[in-house]
Amino acid sequence: MSLSDFIPFVPEIFLAAAGLGILLAGITLGKKGVRTLIGSGVAALIVTAVLVWVFGRPQGGPQVILGGMLVLDNLAVFFKLIMIAASIIALIMSAGFLERSPYGGGEYTSLVLFATVGMMVMASGANLASLYVGLELMALSVYILVGYFKLEVKSNEAAVKYFVLGALSSGILVYGISLVYGTLGTLDLRGIHQALAGMAKLNWAAGLGIVLVGFGMLFKVAIVPFHVWTPDAYEGAPTPVTAFISVGPKAAAFAMFLRIFLGAFEPNIAAWRTVMWVAAAATMIFANTAALTQNNVKRMLAYSSIAHAGYALMGIVAGTAMGLWSVMLYMLIYTFMNLGAFGFVILLESRGYAGETIQDYAGLAKRHPAAAAGMLVFMLGLAGIPPTAGFMGKLYVFAAAVQAGYVGLTVIAVVMSAVSLFYYFRIVVQMYLHDGEEDEPAELIRDRWVEAMIFVCVAATLFIGVYPGPMVGWARAGISALGLG
Amino acid sequence: MIPIPYTWVLILATVLFGIGAIGVLLRRNAIAIFLSLEIMLNSANLAFAAFALKLAYEGHGAAAAAGQLFVFFIIAVAAAEAAVGLALFIAMFRLKETIDVDRFNILRW
């Protein structure tokens, strides 16, 4: 291995170095430099996106680098750019929020950058070792971010719960990896695929390994019954962190899920597919029902994000090429819709934890018509109503499931999407049909950076909804990666 | 000297994994939970070492090295996890003057 082998890895190296630099700069700048630090973090992320485009793209087919640890393919580029976009939007949304808080910006920005490095490794890992290290880099950074407001009990409690359950799941995951390694003799995803394909009958130890790895992955994407950490972590975390962890780490976990299950464990799809079917159905039913009773908007959006993971899991159940690219497309669309919705929660959080109850949205349409219209777009998108992108995302995932013969699962998904209308429209009803004078609703904060990011998300949600062609084509280019094309 | 069969090591690893998982779920003291988490990670370490031994006996030298290297990754990750976890528990103790996780009950559905 020579130094030039590291060239495709330059984006990750650069981002990690930038994170370290910002960490040091944060110590000298202190509380005054929040905007400078966040600005340099955003600049570093933009440079990284360019570097990914210049150095990180595959020439020709999928290209294995660093001794088989990572692979460059369209799937990796697709997910890396989603994650970088999510990190940029979340960081910009955090600036005003952090300035109003008593906490500094150096550690915050660098932790977001480190988490992004971990996610990028997860998106391009070709070996269980690199995937595991990327996962832990992301997870450990995110635990600290959730507990970043360390003097607030809620934030701290959320971080402790998230940490304990997250560490438990990665313990289960790594034990599963050890069983897979021991029985198949390799950690390489392609090697595992070959070994499984060559096995006439799956032995029990390899089967148990696959089950344990599956538990770990279902936990990371928050699928019922491994979702218990999600509402607590989302509600307790500072809102910009919630916005970040609901999209970036979720997309990264889905990328890893796709690589391991549709890549390495694909020969045994008949065995694990039924479990995933049940998990997806249970997730959609439970999360959508639980969201109906929530009065806290962050908690409601947490259950909504669990439900969305359930819809995306349908693509993995389908296990076809279309299932794969529909999950990728779903993650892209979900990223913009969810970041935008959380952007509004940030803007309404003018009185400590106000802006979190649904009543805080009362009469918003009368006082701020533009803001209410933006929130309406995200609620329609999350519910999956045309002409928003949410409709396109669901359409392709459902079509993939039907194509693979999973009509029953699709019926459950459609019915539960209809149920989800009730809780998304509780906010819409508050905004448009209540005047809010008797409820003393929360006032919107003026923060033009958050507003600009919400505008970007609205534009993306509507644009992909009306004209999905280019994004579909881009996602489809990713499927050759796993040999499903 | 008679070498220890790798199956014995595997049985030990399985038992440790079970102890760790049950400990995380049943103990209420944050430090005890943390200890159980470390036991789980180290049971995976032992399993990796045992499987590497098996692969080495079977003559797959390169595959055996991969498993032994993974052990180092897990050790490094466990150290990072210790730093993060203990920091969170200290912050928890400063706020509540207890490390009993049952007292952490503001967030519930």
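Modeller: A residue is buried if 20 or more other C-beta atoms lie within 10 Å of its own, exposed if 12 or fewer, and partly exposed in between. And keep in mind that we're looking at a predicted model.

Colleague: Okay, let's use that on L66(A): is it buried, exposed or partly exposed?
Modeller: L66(A) sits in the loop between β1 (63-65) and β2 (70-72) of chain A. Its phi is positive, about 50°, although it isn't a glycine. Count the neighbours and you get 16 other C-beta atoms within 10 Å, so L66(A) is partly exposed.

Colleague: And E97(B), is that one buried or exposed?
Modeller: E97(B) is in the segment after α3 (61-96) of chain B. Phi is positive here as well, near 55°, in a residue other than glycine. With 8 C-beta neighbours inside 10 Å and the cut-off at 12 or fewer, E97(B) therefore counts as exposed.

Colleague: I see a cis peptide bond leading into P225(A). Which residue comes before that proline?
Modeller: P225(A) belongs to the loop between α8 (204-220) and α9 of chain A. The bond into P225(A) has omega near 5°, and the residue on its other side is V224(A).

Colleague: There's a cis bond into P387(A) too. What's the omega there?
Modeller: For P387(A), look in the loop between α15 (369-383) and α16 (389-403) of chain A. The cis bond joins P386(A) to P387(A), with omega at about 5°.

Colleague: On to packing. Are α2(A) and α4(A) roughly parallel or roughly antiparallel?
Modeller: The axes of α2 (34-55) and α4 (106-124) of chain A come within 8 Å. Contacts include G41(A) and A44(A) from α2(A), with G106(A) and T109(A) among those from α4(A). By class, that contact has 6 nonpolar, 4 polar and no charged residues. The axes cross at roughly 15°, under the 35 degree limit, so the two helices are roughly parallel.

Colleague: What about α11(A) and α12(A), parallel or antiparallel?
Modeller: Helices α11 (269-292) and α12 (297-318) of chain A have axes 8 Å apart, and the crossing is left-handed. The residues where they meet divide into 18 nonpolar, 4 polar and 1 charged. Their angle is about 155°, over the 145 cut-off, so this pair is roughly antiparallel.

Colleague: M314(A) turns up in that contact. Which residues have the most contacts inside the largest nonpolar core?
Modeller: That core has 231 residues, and its largest share, 21 residues, comes from α13 (321-348) of chain A. Beyond its neighbours within four places in sequence, M314(A) touches A280(A), V397(A), A401(A), L409(A) and A413(A). The residues with the most contacts inside the core are V146(A) and M314(A).

Colleague: Last one: which helix gives the largest share of the side of chain A that touches chain B?
Modeller: The interface puts 34 residues of chain A in contact with 35 residues of chain B. Three helices of chain A, α5 (128-146), α6 (153-184) and α9 (229-236), each supply at least two residues to chain A's side. That side splits into 20 nonpolar, 8 polar and 6 charged residues. The largest share, 17 residues, comes from α6(A).

Technical notes: Residues numbered from 1 in each chain as written. Chains lettered and ligands numbered in written order. Predicted model: local features only at pLDDT ≥ 70, side-chain atom pairs only at ≥ 80, totals over all residues. Core = buried A, V, L, I, M, F, W, Y, C linked by C-beta atoms within 7 Å. Helix = DSSP H or I, 4+ residues; strand = E, 2+ residues; numbered from the N terminus. Contact = placed C-beta atoms within 7 Å. Nonpolar A, V, L, I, M, F, W, Y, C, P; charged D, E, K, R; others polar. Axes fitted to C-alpha atoms, helices over the stretch in contact; angles between N-to-C directions. Parallel < 35°, antiparallel > 145°, perpendicular 65-115°, else oblique. Left-handed = near helix turned anticlockwise from the far one by under 90°.
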